[in-house]
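Work through the exercises below with the sequence and the model side by side. Each task is followed by a solution that goes step by step.

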Amino acid sequence: MFCSEECREQGIANFHEQECEVLPALEAFSDESATLVFRLLMQLTFPRLKELLPILKQEEKTLPPEKRGFNEEGIYDAGDFRAIYHLCTNKHHRSSPLILRMCTVAFIITKILIACNKYFVDGHGNPLSPSGEDIALVGGTLVRILMVLRTNSFAFKELQVSLFRNRDVLKTSVGVKLCSTLSFLNHSCNPSVYSSTGSGISASRAFRFIPAGQEVTTCYGSTFYDLEKSGRWERLKAYYFTCCCEACENNWPEKSQLSSKPKMKCLGCSEPVSCRSGKCTKCDKDEGGPESNLTAKNQEIGKQILDALKKYLHVRNSERFMDRNDEKDIEVISKAIEIMDKYMVLPCKFYCDAQDTLQIYYNRVGKFTYVSPGSDNMLSNYYWPPTP
């Protein structure tokens with residue numbers, strides 16, 4: 001079923017005619033990637049694949065990784081098959097059973113492509129009987145793209161909002177999506193951007209303060225405040241690396257274990273101090289007296305932190321929260337996150353809550369569906385109570 005009239009119009013105008021007859025066969029796969037891979041090859045067309053593949057293989061042999069994926073005009077087009085082909089496959093890390101499974105999927109999709117009589121055509125669109133070489137070329141390409149999807153695909157999520165209570169929200173995975181440009185972002189359990197991968201164009205938006213020159217990171221699975229370190233590392237095994245982000249290196253606790261009492265970093269030594277008193281016993285001792293100009297500076301920053309948190313909580317607990325997007329509210333939330341990033345001791349429960357709130361606002365920018373809470377969904381588990 002199409003999700004909307006707009007989606008139906010786009011589907012019928014583009015890919016649905018090619019897929020309609022074979023959708024039951026593609027639906028039989030437990031792997032959601034099958035339909036996406038089928039669509040990628042159908043849109044590329046067989047004549048274009050035969051023309052392009054020798055070029056791509058030559059680029060892989062001769063070009064360094066950072067130079068691959070650009071088209072003839074020197075543009076990195078995320079929708080270009082060239083960009084997709086050159087994404088990371090992790091081929092040499094994959095187990096033999098997993099590669100065999102991908103080959104089996106590729107074999108079946110190839111059979112579907114042959115049976116549909118719409119893929120193996122000549123330059124004029126006339127059906128042709130594929131040779132063994134043609135079948136090997138398509139099958140090998142399918143295996144590679146399946147590996148690319150294993151490493152680079154994003155969950156295609158739909159935001160559901162309760163018809164009766166707008167504070168009830170849930171993001172439901174409805175498929176997979178390939179975003180070539182976003183795949184360049186490295187992982188962190190304390191990421192600096194949130195990637196929205198709903199219908200239409202996907203984008204990454206900052207939900208942390210990112211200083212000039214700092215790497216922009218995303219999250220491949222769960223953040224530090226959603227899952228403990230061992231659980232995160234277990235999920236990251238699928239990407240064949242060990243995370244060394246600040247949250248992992250310093251064993252940051254998950255959200256339920258974080259303190260709700262904000263502490264700022266002393267401007268002199270970065271040790272935790274009270275936002276109200278600004279007094280740092282370490283710096284006072286080093287300066288030889290209980291009172292110092294540093295304490296006054298700490299108090300000034302502490303006041304800015306508390307004021308920003310007060311404004312944030314006013315937005316967070318307001319009636320309009322989750323009812324509509326307001327640019328001024330987003331500015332208030334973003335300012336609170338920025339000042340916490342600069343001056344507060346992290347991790348902090350307020351910090352994580354503000355990031356979650358900003359994500360909700362970002363989600364509301366895209367499409368969402370109103371649903372009635374019931375046994376068939378989990379909305380009641382995602383109720384957002386006011387923050388004390």
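**Exercise 1. Determine whether Phe-81 is buried or exposed, and describe how its ring is placed relative to that of Tyr-85.**

Step 1. Phe-81 has a relative accessible area of 6% and is therefore buried, where buried means under 20% relative accessible area, exposed over 50%, and partly exposed in between, computed with a 1.4 Å probe on protein chains only. Tyr-85 is buried as well, with a relative accessible area of 4%.

Step 2. Phe-81 and Tyr-85 are four residues apart in helix H6, so about one helical turn separates them; helices (H or I, at least four residues) and strands (E, at least two) are DSSP runs, numbered from the N terminus.

Step 3. The structure holds eleven aromatic pairs, a pair being two rings of Phe, Tyr or Trp (its six-membered ring) whose centres lie within 6.5 Å, with planes under 30 degrees apart counted as stacked, over 60 as edge-to-face and the rest as tilted. The ring centres of Phe-81 and Tyr-85 are 6.3 Å apart and their planes stand at 45 degrees, so this pair is tilted.

Step 4. Arg-144 lies over the face of Tyr-85, at 3.9 Å from the ring centre; a charge sits over a ring if NZ of Lys or CZ of Arg is within 6 Å of the ring centre and within 35 degrees of the ring normal. The charged end of Arg-39 likewise sits over the ring of Phe-15, 3.5 Å from its centre.

A note on the basis of these values: this is a predicted model, in which local features need pLDDT of at least 70 and side-chain atom pairs count only at pLDDT 80 or more, whereas totals for chains, interfaces and linings use all residues. Residues are numbered from 1 along each chain as its sequence is written, and side-chain values use heavy atoms, with hydrogens and water left out.

**Exercise 2. Classify the pair formed by the rings of Phe-224 and Tyr-225, and state how accessible Phe-224 is.**

Step 1. Phe-224 is buried, at a relative accessible area of 0%, and Tyr-225 also counts as buried, at 4% relative accessibility.

Step 2. With the ring centres of Phe-224 and Tyr-225 5.1 Å apart and the planes at 85 degrees, the pair is edge-to-face.

**Exercise 3. Describe the course of helix H5 and find what its buried residues pack against.**

Step 1. Helix H5 covers residues 46-62, 17 residues in number, and reaches 25 Å from its first C-alpha to its last, close to the 24 Å expected at 1.5 Å a residue; the expected span is 1.5 Å times one less than the number of residues.

Step 2. At Leu-52, shortly before the proline Pro-54, H5 has a kink of about 35 degrees, the bend being the angle between axes fitted to the seven residues ending at a residue and the seven starting there.

Step 3. Phe-46, Leu-49, Leu-52, Leu-53, Leu-56 and Glu-59 are buried in H5, and the buried residues of this helix pack against helices H4 (33-44), H6 (81-85) and H8 (132-152). Phe-46 also forms one aromatic cluster with Tyr-119 and Phe-120.

**Exercise 4. Where is Ser-222 found, and which residue does its side chain join in a polar contact?**

Step 1. Ser-222 is found in the loop between strand S6 (217-218) and helix H9 (229-236), and at 12% relative accessibility it counts as buried.

Step 2. Its side chain is joined to that of Arg-235 by a polar contact of 2.6 Å, which is a pair of N or O atoms within 3.5 Å; within protein, one must be able to donate a hydrogen and the other to accept it, and residues adjacent in sequence count only if both atoms are side-chain atoms.

Step 3. Not counting residues up to four places away in sequence, Ser-222 touches Cys-189, Leu-227, Arg-232 and Arg-235, contact meaning heavy atoms within 4.5 Å.

**Exercise 5. Locate Arg-208 and identify the polar partner of its side chain.**

Step 1. Arg-208 is found in the loop between strand S5 (203-206) and S6, and it is buried, with a relative accessible area of 14%.

Step 2. The side chain of Arg-208 makes a polar contact of 3.3 Å with the side chain of Tyr-351. Beyond its neighbours within four places in sequence, the residues in contact with Arg-208 include Asn-190, Glu-246, Asp-341 and Gln-355.
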